[in-house]
Amino acid sequence: MITSRSAILLDAQSKGYAVPAFNIHNLETMKTVLETAQELRSPVMIAATPSTVRYIGQDFLIGMMEASKKSYDIPICFHLDHHEKVEDIKTLIQMGISSVMIDASHYDFEENVRIVHEVVEYAAPFGVAVEAELGRLSGIEDDLEVDERDQIYTNPMQAQEFVSRTGIDSLAVAIGTAHGLYKGEPKLDIDRLAAIQREVNIPLVLHGASGLSDDLVQRTIERGICKVNIATELKMAFVKGLRRYLQEHPDANDPRYYFQEAVIEMKKVVADKIKMCGSVNRG
């Protein structure tokens with residue numbers, strides 16, 4: 001059941017849980033996420049970065065999305081994650097994507113507002129929800145790398161102005177999370193998140209959730225996080241299962257078999273993250 005991100009996130013916001021958003025990279029990762037979410041009756045978001053769209057191909061990605069409508073009866077939303085090219089976003093909206101993130105966070109505040117507002121205005125007639133980011137996370141996301149020294153935390157009062165001027169449906173916040181693996185113990189500014197929640201009434205988004213403890217993520221959900229992004233841990237699980245099988249079966253040559261081990265490892269991660277978000281039996 002394909003649905004809008006606004007409907008999914010507003011339900012999460014009203015009931016105090018978060019929707020897990022998994023970055024997929026191929027058919028195997030997408031089916032594993034959807035099948036596990038179906039088993040646990042959890043709403044879910046399937047996210048694709050620009051490099052994933054290029055790798056799968058726009059038409060194939062839309063085809064996979066269309067096939068999901070017939071196979072699953074939980075709330076599913078396909079989402080563009082960290083897209084920076086406005087024209088690419090417009091093209092994919094025309095092709096049927098119902099949720100987008102325009103990432104202009106590397107620009108100054110005024111340019112960020114201008115670019116995001118352009119996407120919101122374009123998306124509105126299509127009923128497409130728009131996410132944007134204020135502040136910058138450290139780490140590597142797709143083709144973008146941000147040094148820890150260049151990380152910028154979200155200013156709560158500025159967040160209020162940003163939401164008002166852009167008209168976005170959800171806001172990705174920078175509170176100390178990072179893309180990729182954490183080099184040390186993650187330290188999140190929970191007080192800052194609480195302050196943002198007081199100033200902003202739309203759903204908040206947590207990027208960089210791979211490697212965070214369940215307790216820490218649940219504390220952010222209590223303070224307004226309605227969508228939790230997971231990417232790195234899913235990739236690591238895929239590689240772990242694949243590597244184990246190929247090491248144990250060096251002559252293996254049939255991906256239908258060695259991908260099964262990758263699926264087993266990924267299902268564990270997906271199930272754990274769904275439970276962490278408190279979204280079991282919400283779909």
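The following dialogue concerns how descriptive terms apply to a predicted model.

Modeller: Local features here need pLDDT of at least 70 and side-chain atom pairs count only at pLDDT 80 or more, while totals for chains, interfaces and linings use all residues. Residues are numbered from 1 along each chain as its sequence is written, and side-chain values use heavy atoms, with hydrogens and water left out.

Biologist: Why is the chain called as compact as a globular protein of its length?

Modeller: The globule rule is 2.2 Å times the number of residues to the power 0.38, and the radius of gyration is taken over C-alpha atoms. The rule gives 19 Å for 283 residues and the chain has 18 Å, which is close, so the description applies. The C-alpha atoms fill a box of roughly 60 × 40 × 35 Å along the principal axes.

Biologist: What makes a residue buried, and what percentage of the chain is buried?

Modeller: Buried means under 20% relative accessible area, with a 1.4 Å probe and protein chains only. Buried residues make up 55% of the 283 residues.

Biologist: What makes a set of residues a nonpolar core, and which members of the largest one touch the most others?

Modeller: The set consists of buried Ala, Val, Leu, Ile, Met, Phe, Trp, Tyr and Cys residues joined through side-chain atoms within 4.5 Å. The largest core has 78 residues, and Val100, Ile102, Phe162, Ile168, Leu171 and Val228 touch the most other members. Helix α11 (residues 255-277) gives the most to this core, with nine residues. A second, separate core of nine residues includes Ile8, Val19, Met45 and Cys77.

Terms used: Buried means under 20% relative accessible area, exposed over 50%, partly exposed in between (1.4 Å probe, protein chains only). Helices (H or I, at least four residues) and strands (E, at least two) are DSSP runs, numbered from the N terminus.
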